[in-house]
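Look over the sequence and the model below before reading on. The paragraphs that follow go from charges to overall build and then to a part of the surface.

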Amino acid sequence: MLIGRERESGYFKRKAASKKAELLVLYGRRRVGKTFLLSSLFPEAIFFNADLSGVPQQAARFSEEVKRRLGLPATLAVAKWDELFALVENLVRSAAAG
């Protein structure tokens, strides 16, 4: 349950319903409920928490979650962000086509 987050939840719901492509950044102090807020509003979304590890490690970690959620083969290897986003784009286009 979200308590005292009506303003933020309304903002994110409006942005999600918009037809515009936008990048939204949510930041704040640790342990104040940022991830809980987003996961409550968008339970089917895939979230990624960036850290200071290298690009191959981060892309691989995020691709593991994408593969798990979309039922893709575990052997599918992704080491670059552009590869990952191309994969997701192709999956979205395929789903929209048929």
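Start with the charges. The protein chain carries 17 positive and 10 negative charges, and the mean positions of these two groups lie 7 Å apart. Keep in mind that this is a predicted model.

Next comes the secondary structure. The protein chain has 4 helices and 0 strands. Following the sequence from start to end gives the pattern α-α-α-α. As for dimensions, the C-alpha trace spans about 45 × 35 × 20 Å along its principal axes.

How much of the protein chain is buried? Of its 98 residues, 18% count as buried. The surface that the protein chain exposes comes to about 7900 Å², and 58% of that area is supplied by carbon and sulfur atoms. Contacts tell another part of the story. Taking the contacts between residues at least 6 apart in sequence, 32% join residues that are at least 24 apart.

Now turn to one place on the surface. Which residues form a nonpolar patch there? They are Leu23, Val25 and Tyr27, and together they have about 450 Å² of accessible area. To find Leu23 in the model, look at the loop between helix H1 (6–17) and helix H2 (34–41). Is Leu23 buried or exposed? Leu23 counts as exposed because its relative accessibility is 76%, and the cut-off for exposed is over 50%. Leu23 is thus a loop residue that belongs to the nonpolar surface patch with Val25 and Tyr27.

Methods
Residues numbered from 1 in each chain as written. Predicted model: local features only at pLDDT ≥ 70, side-chain atom pairs only at ≥ 80, totals over all residues. Heavy atoms only, no water. Helix = DSSP H or I, 4+ residues; strand = E, 2+ residues; numbered from the N terminus. Buried < 20%, exposed > 50% of the residue type's maximum accessible area, 1.4 Å probe, protein only. Contact = heavy atoms within 4.5 Å. Areas by Shrake-Rupley, 256 points an atom, 1.4 Å probe, with all protein chains shown as cover. Lys, Arg positive; Asp, Glu negative; His and termini not counted. Charge placed at Lys NZ, Arg CZ, Asp CG, Glu CD. Patch = residues over 30% accessible without salt bridge, like charges linked within 9 Å, V, L, I, M, F, W, Y side chains within 5 Å. Salt bridge = Lys/Arg side-chain N within 4 Å of Asp/Glu carboxyl O.
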